[in-house]
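Here's a quick tour of a protein model for anyone just getting started with structures. Have a look at the picture first, then we'll walk through a few spots together.

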Amino acid sequence: MNGDQELDGNTLRIYVALANSDKPLGPREITRIVHLSSPSVAYRNLQKLEELGLIEKNSFGEYTVKQKQKVKGHFWVGGKLFPRQLFYSFFFIGILSIEAVIAAMRLINGEPFPYDFILLIIVTATSTVLFLLEGTLLRLLKK
């Protein structure tokens, strides 16, 4: 697949379902997992992915991922695709953890919290929650 082609819509959803599956999937299973209107819609998109060289069909008529493809807004961890927002949420969780340690040290030493530090914690916590929710919802929708 060349760089100017991108997966989108049902084709992307099917590719992600195959990438995140622990076993080969047939058109009927994909129809159920991705919530498509009929197996023929799944089959048409599977053919498209097969023509692009991203998936392969086994002797039982089931499909598996043949080639890992860069997918916009996602990244690979092992053999699974994850929304990029989940990575961002873990980044903000790390920052929030450091801020919590600093806050605990201030409390132990009896130091007051500056207004800007409290605002920083609120912004970081809000960013963490938003990215985590968005990434989780995206992951659930792609299953």
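Is Ser89 buried or exposed? Ser89 counts as buried, because its relative accessibility is 0%. Keep in mind as you read on that this is a predicted model.

**Along helix 4**

- You'll find Ser89 in helix 4, which covers residues 84–109.
- Skip the neighbours within four places in sequence, and Ser89 is in contact with Thr128, Phe131 and Leu132.
- Leu96 has its place in helix 4 too.
- With a relative accessible area of 24%, Leu96 is partly exposed, whereas Ser89 is buried at 0%.
- Again leaving out neighbours within four places in sequence, Leu96 is in contact with Ile121, Thr124, Ala125 and Thr128.
- So what do the two contact lists have in common? Thr128 turns up for Ser89 and also for Leu96.
- For a sense of distance, try Leu96 and Gln67: they sit 29 residues apart in sequence and 37 Å apart in space, going from C-alpha to C-alpha.

**Aromatic rings**

- How many aromatic pairs does a search of the whole structure find? The search turns up six.
- One of them joins Tyr15 and Trp76 edge-to-face, with 6.3 Å from centre to centre and 85° between the planes.
- That pair links distant parts of the chain: Tyr15 belongs to helix 1 (residues 9–20) and Trp76 to strand 3 (residues 74–77), 61 residues apart.
- Tyr15 counts as buried, since its relative accessibility is 0%, while Trp76 is partly exposed with a relative accessible area of 23%.
- Elsewhere, ring pairs tie Phe87, Tyr88, Phe91, Phe92 and Phe131 into a cluster.
- Phe131, a member of that cluster, is also one of the contacts of Ser89.
- A ring can have a charge for company as well: Arg106 lies over the face of Phe117, 5.8 Å from the ring centre.

**Where helix 1 meets helix 3**

- Helix 1 packs against helix 3 (residues 39–51) at an angle of about 80°, and their axes are 9 Å apart.
- An angle from 65 to 115 degrees counts as roughly perpendicular, so that label fits helix 1 and helix 3.
- On the helix 1 side, the contact is made by Asn10, Thr11, Ile14, Tyr15 and Leu18.
- Helix 3 brings Val41, Ala42, Asn45, Leu46, Lys48 and Leu49 to the contact.
- Sorted by class, this contact has seven nonpolar, three polar and one charged residues.
- Tyr15 plays two parts here: it belongs to the contact with helix 3, and it pairs with Trp76.

Definitions and conventions:
Residues are numbered from 1 along each chain as its sequence is written. This is a predicted model: local features need pLDDT of at least 70, side-chain atom pairs count only at pLDDT 80 or more; totals for chains, interfaces and linings use all residues. Side-chain values use heavy atoms; hydrogens and water are left out. Rings of Phe, Tyr and Trp (its six-membered ring) pair if their centres lie within 6.5 Å; planes under 30 degrees apart count as stacked, over 60 as edge-to-face and the rest as tilted. Helices (H or I, at least four residues) and strands (E, at least two) are DSSP runs, numbered from the N terminus. Buried means under 20% relative accessible area, exposed over 50%, partly exposed in between (1.4 Å probe, protein chains only). A charge sits over a ring if NZ of Lys or CZ of Arg is within 6 Å of the ring centre and within 35 degrees of the ring normal. Axes are lines fitted to C-alpha atoms, for helices over the stretch in contact, and angles run from 0 to 180 degrees between N-to-C directions. Angles under 35 degrees count as roughly parallel, over 145 as roughly antiparallel, 65 to 115 as roughly perpendicular and the rest as oblique. Contact means heavy atoms within 4.5 Å. Ala, Val, Leu, Ile, Met, Phe, Trp, Tyr, Cys and Pro count as nonpolar, Asp, Glu, Lys and Arg as charged, and the others, Gly among them, as polar.
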